[in-house]
Every structure is written in C-alpha cells, then in structure tokens.
Amino acid sequence: MTEQKVAVVTGASSGIGAATARRLAAEGFEVVLTARRTERIEALAKEIAERGGSARAITLDVTDRPAVDAFAAELGRVDVLVNNAGGAVGAESVETGDPADWLAMYQVNVLGVLHVTQALLPALRATGDGTVLILSSTAALTAYEGGGGYVAAKHAAHTIAATLRLELCGEPVRVIEIAPGMVKSEGFAVTRFRGDEEKAAAVYAGVAEPLTSDDVADTIAWAVTRPPHVNIDLLVVRPRAQAANHKVHRA
C-alpha cells in the first residue's frame, strides 16, 4: 500500500492558504496546516476530517527560525511545501513608507519562505519526488505606485524560486512559482489598509469577477499534481478583467 503523500501549507488559517489546504486534502494529500492563529487551523483541520480528508494543525510563525526548525524536526514525511504565508502592509510611496512596514513584509514574504524551505528540503529530497511551491504575486514581476515594500518583497520571493530551481537542477525536487494578480481573498486588502474596510473595498470596485481564493487553490493543486517530470516554473494567473497590474476593467 502506497504511503499517503503529505503537503505542508503555510498561512493556512484563511484565504488562499485555507482554500489550498481544502483542495489538496480533496486531492488525497494529508495536509499539515500551519499558521499563527491556532483556533482557525484547528477548526479547518476538523472541517477537512469531517469531509473525509486528513489534516493536522500545527501552530507556527514562519518568521521564527527556531520554531520552524523544531517543526521540521518533528514532521517526518513531506512531499509538497506550499509557501503561502505572506501579505502586504501599507500603500504609501517609497518616499513616505515606514521602514518598519517594509521590514515586516520582508520577514514574512522573504525570510519566512527561506526558513521553511531550508528546514524542509531534506525531507522533500528524501521522498524522491518533492515539490517546493512559492506563492508570489504579479507584484513580483512588475512594480506599481504605492506598492514599493510589497513589490520589493515579492521580487525577492520570485528570485528565491528562480535561484533555488537552478541550484536543485538534477535533484528530485521541483520548484514552482504561482504569481496571482487581483485576488479578492479574505483579509488581504483589509490588512494592507490597516483595517480600513472602505479602502479595501475600493480595490475591487467595479471589477465583476476578481479571482477568488478557490481559483488560486485550483491553480496550485493543478501545478503540484502534474507528473513528476513536469515543472511549472512560473504561472501567472489573473482575472479576465485585469490585463496588467495597472490595467483593470471596471464597470
């Protein structure tokens, strides 16, 4: 009997992370849910189990390297790592941006990816067919006004994916990057605008169908379930209404 494959999803307490966990469980993975909000991931693990899936909830702050190392030491088998934890804080210009916000974004979007990937690479190699997936953003590819700190962090995450793919060439580990455009996911814009619901809603105003968390989860699940010899280096996914970061059709 084949041992069940294990997928680790960071930032699994809401939005794209939670949707990805549900989808990978439906694909037959045992999903390890990690996030700082214990009650949320425990509730999600229970939900997945009630649907006939398999999930474990482990509280984890990806910016805490000792905690990440302890998590990796106890984990055991890992076939897929979905580096989803991340986020944006603020929309100020480069001139007026708060360095503390930039640092916070760098710690989770860049160092968080680095910590978890480094810690889990031995286990991913050991399966003979591991996958590292980094969820970046179209901000990783093109700059836009008011996005300086987030753009810089996601550019760095994009570079981690590209460099790691080169360094692991010839080894049994794939490196995939998914770069979503406009996604109306739980909490992202509200966090960015420091709880201002009105500003958050304005981001999606007039856009008939921005991407949903489920849309991105579907893309992630498709990418990680390709045959082992197929690597999706970089997949950009946007809603039809968005042709570029700065070009969005609004009714």
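# Notebook: holes and helices

The largest cavity came up first, and I get a volume of about 70 Å³ for it. Before going on, I remind myself that this is a predicted model, so every value here is computed from predicted atoms.

**Entry 1: the cavity**

How many cavities of 30 Å³ or more are there? I count one cavity at that cut-off. Next I looked up who sits around the largest cavity. Its lining has 15 residues, and V89, G90, E92, W102 and G149 are the closest to its centre. Which elements give two or more residues to this lining? I found α4 (99–126) and α5 (148–167). I also sorted the lining of the largest cavity by residue type: five are nonpolar, seven are polar and three are charged.

**Entry 2: a pocket**

Then I turned to the second largest pocket, which has a volume of about 160 Å³. I list 14 residues in its lining. Nearest to the centre of this pocket are K5, F29, V80, D129 and V224. What does the lining of the second largest pocket divide into? I get four nonpolar residues, four polar ones and six charged ones.

**Entry 3: the annotated stretch**

I checked the UniProt record too. Its entry is unreviewed, and it carries the annotation "domain: Ketoreductase" over residues 5–186. On the model, I find the end C-alpha atoms of residues 5–186 to be 28 Å apart. The span is 46% helix and 19% strand.

**Entry 4: α1 and its partners**

Now some helix packing. I started with α1 (residues 15–26) and α2 (residues 38–50), whose axes are 10 Å apart and make an angle of about 25°. Are α1 and α2 roughly parallel or oblique to each other? Angles under 35 degrees count as roughly parallel, so α1 and α2 are roughly parallel to each other. I noted their crossing as right-handed.

Helix α1 also packs against α8 (residues 213–224). Here the axes are 8 Å apart and the angle is about 50°. Are α1 and α8 oblique or roughly parallel to each other? That angle makes the two helices oblique, so I wrote "oblique" next to α1 and α8. The crossing of α1 and α8 is right-handed.

**Entry 5: α3 and α4**

Last pair for today: α3 (residues 65–75) with α4. Their axes come within 9 Å and cross at roughly 30°. That makes α3 roughly parallel to α4. What is the hand of the crossing where α3 passes α4? I have it down as right-handed. I had already met α4 in Entry 1, where this helix gives two or more residues to the lining of the largest cavity.

Methods: Residues numbered from 1 in each chain as written. Predicted model: local features only at pLDDT ≥ 70, side-chain atom pairs only at ≥ 80, totals over all residues. Heavy atoms only, no water. 1 Å grid on protein atoms, 1.4 Å probe; cavity = no way out; pocket = protein on both sides within 12 Å on 5 of 7 lines; lining within 4 Å. Points joined across faces, edges and corners; volume = space filled by probe spheres on them. Helix = DSSP H or I, 4+ residues; strand = E, 2+ residues; numbered from the N terminus. Nonpolar A, V, L, I, M, F, W, Y, C, P; charged D, E, K, R; others polar. UniProt positions renumbered as here; feature names shortened; annotations may be inferred. Axes fitted to C-alpha atoms, helices over the stretch in contact; angles between N-to-C directions. Parallel < 35°, antiparallel > 145°, perpendicular 65-115°, else oblique. Left-handed = near helix turned anticlockwise from the far one by under 90°.
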